[in-house]
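Please find below a short note on internal cavities and overall make-up, set out as numbered points.

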Amino acid sequence: MFDALSERLGSIFDGLTGRGALSEKDVNEALREIRVALLEADVALPVVKEFVEKVKTRAVGEEVIRSVKPGQQVIKIVYDGLVDMLGAEEDASALRIDSPPAVVMMAGLQGSGKTTTTGKLAKRLAERGKKKVLLASLDVRRPAAMEQLAILAGQAGETVSSLPIIPGQLPADIARRALQAAKIGGYDVLFLDTAGRTSIDEQMMAEAAEIAAIANPSEVLLVADALTGQDAVETARRFHERLPLTGLVLTRMDGDGRGGAALSMRAVTGLPIKFLGVGEKLDGLDAFDARRVAGRILGQGDIVSLVEKAAEQFDAEKAERMAAKLKKGEFDLEDLAEQLRQMQRMGGLGGIMGMMPGVRKAKEAMASANLDDRILKRQEAIISSMTREERRKPALLNASRRKRIAAGAGVDVSDVNKVLKMHQQMATMMKKMRTKGGMKSMLGMAQQAGISQADLAKMGSGALPPGGLPGLGGGLPGGLPGLPGGAKKK
């Protein structure tokens, strides 16, 4: 969503960091360009004015103009300004669910993704918080809305249930029945999915206010579609006038919108953004963190989120088998295939690149080399066309076998050769990691990527498996699969 803004800000900062010294005129010109970039990204004008004024106060000071690296200082100031704009509170994504059954009321316009978000939150609480969750749909108008929530409850986990549907019941009565069922059933959290409209009207707001009075929710979350731009900001403001909103959830953050709603929402409403919805799958929900989002916008990446995504996909049994093989210096084509599947589960090349430092230049390299996520599936198909013996003993792959594999996978023999070359490079790196010097080099690479000593200690202590990201065999040696040694044109 922030690609256009990131590219624009990146070009502005490239002009600043390329100079040895900056004058006040240089800084002012850069700030004018930043102002235009934010306005083009559909950020609300009052928010842009306040942001630029705060940044200008610090950026034109003597500590920046006379510093050794003034360009980097300006970037740091802009980063801090973005964090303040987005809201820098810690644990903003933590829901207040202390006294069971805690009631979470979901509000928003029709089509904003309210029901799907309810299912995502239920799954998150059930899996990570070990909570027993009850979902209740109060939407008696939209066809099959109640049935949809019941299906999502079934997909969210064993500890997630949905309130039985009684046709003809009014929303207020459903809310009372849900409260009673949550108490009797010993549920930790009750979600009330309220009805929406295509636009705000008095009947909808009165109904939502009545439900809030009955349920006395500990959290009232507004679900807003980030692709609607400033309309989403106005929707949040009007809802907040009638309901005791406690937080915001922005959906479709993986879309191609300009990102202005996400940047304006916190500043205009004063409400914390708690979660970001990406995709339709129930695991497509990210906790909002102002510093991480600001880092992505400025192309600094998000290593923490990358580690978290890897941890979510962690399979202890597979990791133990991999660790045992690595201790022997073994890394065959079956291991490489598992790496490729792991990368696809983590969002593919684009998803991983989006969290790496220098993301803008990395994406440019991928685009120039005509690389995308399809290359992962193609490489996996090539390995799947091999026999088990060939995958375990790559040395068996002579010219005739490679020709057969290429025909089976529907690719050229040169593509098979590239996969084998990539495997050879990774296997060599794995063997180097067995030595003390090799491990020291890998630790240095991790620290350069932004992972601190504390993070490395945490990984080694069992929070993540020793050696790096789960399923990635100690990292991404030799470059990402399909990018051996870097992104190169074919």
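The points go from the whole chain to its cavities.

1. This is a predicted model. The chain has 490 residues, and buried residues make up 49% of them. Its secondary structure consists of 23 helices and eight strands.

2. The exposed area of the chain is about 23500 Å², of which carbon and sulfur atoms supply 51%. Counting contacts between residues at least 6 apart in sequence, 74% join residues at least 24 apart.

3. Rolling a probe the size of a water molecule over the atoms shows where empty space is left. Two cavities of 30 Å³ or more are present in the structure.

4. The largest cavity has a volume of about 90 Å³. It is lined by 13 residues, and those closest to its centre are Ala136, Ser137, Met146, Leu163 and Ile165. Three elements each give two or more residues to this lining: strand S2 (133-137), helix H7 (145-156) and helix H8 (171-185).

5. By class, the lining of the largest cavity comprises 10 nonpolar residues, two polar and one charged.

6. The second largest cavity has a volume of about 40 Å³. Its lining is made up of Ala107, Gly108, Thr194, Ala195, Met204, Ala208 and Phe239. Five of these residues are nonpolar and two are polar. Charged residues are absent from the lining of the second largest cavity, whereas the lining of the largest cavity includes one.

Definitions and conventions: Residues numbered from 1 in each chain as written. Predicted model: local features only at pLDDT ≥ 70, side-chain atom pairs only at ≥ 80, totals over all residues. Heavy atoms only, no water. 1 Å grid on protein atoms, 1.4 Å probe; cavity = no way out; pocket = protein on both sides within 12 Å on 5 of 7 lines; lining within 4 Å. Points joined across faces, edges and corners; volume = space filled by probe spheres on them. Helix = DSSP H or I, 4+ residues; strand = E, 2+ residues; numbered from the N terminus. Nonpolar A, V, L, I, M, F, W, Y, C, P; charged D, E, K, R; others polar. Buried < 20%, exposed > 50% of the residue type's maximum accessible area, 1.4 Å probe, protein only. Contact = heavy atoms within 4.5 Å. Areas by Shrake-Rupley, 256 points an atom, 1.4 Å probe, with all protein chains shown as cover.
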